[in-house]
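Visitor: I have some bench questions about this protein, and I would love to walk through it with you. Could we look at it together?

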Amino acid sequence: MIKTFKLILGVVWLFTFTMANAQQASTETIKGSPYLNEEFVEGVITYANKCLTVPMRYNAYRDLIEYKQNGQTMELDASLIIKKIKFGNSTFVAEKYQSNGKSKLGYFELLDSGSVMLYAKKTVAFVPGKKGGALDGSDDPARFKPPVSTFYFKIGDGALMEVENLKSMIAALPDRQDELTQFAKKEKISHRNEKEMIRLVQYYNSLRG
């Protein structure tokens with residue numbers, strides 16, 4: 001069992017500490033990965049009026065940031081005190097959102113900013129192993145599924161809204177609905193495609209100046 005230690009830094013910032021080798025041992029028989037990228041990448045955590053530069057990675061299964069400091073792997077849960085976390089080509093922010101009728105706080109990748117902010121919620125699902133679950137009668141090992149993105153947007157300082165489909169998203173915007181509808185139709189924008197969603201929001205923000 002992984003031993004967990006908790007330490008409060010400042011007033012409300014909570015870290016959970018785990019040993020990296022113990023965590024590795026607990027997942028070595030599982031196929032796939034809970035991470036967007038297994039490798040730790042040098043990045044910056046900006047919180048309150050401070051910055052912390054450390055190697056880090058995002059655990060999409062547990063929705064937390066893992067980083068290395070003083071020879072240990074540490075875990076950082078989402079907190080509103082965190083302004084942004086930037087590593088590699090990604091920027092993550094902590095946001096409140098609705099999931100299954102409940103309010104939650106989690107990490108989102110910021111894809112575009114302007115009058116409308118576009119976010120991606122990256123999730124990884126875990127599938128337990130089964131005895132004799134494979135077609136040939138052998139065991140079906142436990143596995144993590146590939147990451148899946150669900151897109152959200154926010155207008156100004158408003159609440160985060162899930163993109164359930166393009167029609168409802170465009171209708172929720174304060175103006176430019178006709179231009180956006182025509183653009184989405186012409187460019188064949190899919191609300192499940194990250195690059196296309198970025199193009200749509202960038203187009204809207206350009207119209208807003």
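**Rings, strands and charges**

Guide: Happily! The structure holds eleven aromatic pairs, and please keep in mind that this is a predicted model.

Visitor: How are the rings of phenylalanine 87 and phenylalanine 92 arranged, stacked or edge-to-face?
Guide: Let us take the centres and then the planes. The ring centres of phenylalanine 87 and phenylalanine 92 are 5.7 Å apart. Planes under 30 degrees apart count as stacked. Here the angle is 10°, so the pair is stacked.

Visitor: Is phenylalanine 92 buried or exposed?
Guide: Buried means under 20% relative accessible area. Its ring partner, phenylalanine 87, has 11% and counts as buried. Phenylalanine 92 has a relative accessible area of 1%, so this residue is buried.

Visitor: Which residues do ring pairs link into a cluster?
Guide: Start from the stacked pair of phenylalanine 87 and phenylalanine 92. Ring pairs link these two with two tyrosines, and the full cluster is Tyr58, Phe87, Phe92 and Tyr107.

Visitor: What kind of pair do phenylalanine 126 and phenylalanine 144 form?
Guide: Phenylalanine 126 is in strand β11 and phenylalanine 144 in strand β12, 18 residues apart. Phenylalanine 126 is partly exposed at 30% relative accessibility, whereas phenylalanine 144 is buried at 10%. Their ring centres are 5.2 Å apart and their planes meet at 55°, so the pair is tilted.

Visitor: Let us turn to the strands. Why is strand β8 described as largely enclosed by the rest of the structure?
Guide: Strand β8 covers residues 90-99, ten residues in all. The strand is largely enclosed because the number of its residues that are buried is eight.

Visitor: How many bridges join β8 to strand β9?
Guide: On one side, β8 pairs with strand β7 in the antiparallel sense over three bridges. Strands β8 and β9 also run antiparallel, and valine 93 has phenylalanine 108 in β9 as its bridge partner. The number of bridges joining β8 to β9 is eight.

Visitor: Which residue takes a positive phi in the hairpin of β8 and β9?
Guide: The hairpin of β7 and β8 has two residues between its strands, and glycine 88 there takes a positive phi near 60°. The hairpin of β8 and β9 has two residues between the strands as well. With a positive phi near 55°, the residue you want is asparagine 100.

Visitor: Now for charges. Which residue forms a salt bridge with lysine 154?
Guide: A search of the whole structure finds ten salt bridges. This one links distant parts of the chain, from strand β13 to strand β8, 59 residues apart. Lysine 154 is buried at 12%, and its partner counts as buried at 15%. With the closest N and O atoms 3.2 Å apart, that partner is glutamate 95.

Visitor: How many residues apart in sequence are the parts tied together by lysine 122 and glutamate 194?
Guide: The two side chains meet in a salt bridge, 3.2 Å from N to O. Lysine 122 lies in strand β10 and glutamate 194 in helix α4, so the pair ties together parts whose separation is 72 residues.

Visitor: Over which ring does the charged end of arginine 57 sit?
Guide: Arginine 57 is also linked with Glu38 and Glu66 in a network of salt bridges. Its charged end sits 3.7 Å from a ring centre, and that ring belongs to tyrosine 35.

Conventions. Residues are numbered from 1 along each chain as its sequence is written. This is a predicted model: local features need pLDDT of at least 70, side-chain atom pairs count only at pLDDT 80 or more; totals for chains, interfaces and linings use all residues. Side-chain values use heavy atoms; hydrogens and water are left out. Buried means under 20% relative accessible area, exposed over 50%, partly exposed in between (1.4 Å probe, protein chains only). Helices (H or I, at least four residues) and strands (E, at least two) are DSSP runs, numbered from the N terminus. Two strands pair if DSSP finds at least two bridges between them. A salt bridge is a side-chain nitrogen of Lys or Arg within 4 Å of a carboxyl oxygen of Asp or Glu. Rings of Phe, Tyr and Trp (its six-membered ring) pair if their centres lie within 6.5 Å; planes under 30 degrees apart count as stacked, over 60 as edge-to-face and the rest as tilted. A charge sits over a ring if NZ of Lys or CZ of Arg is within 6 Å of the ring centre and within 35 degrees of the ring normal.
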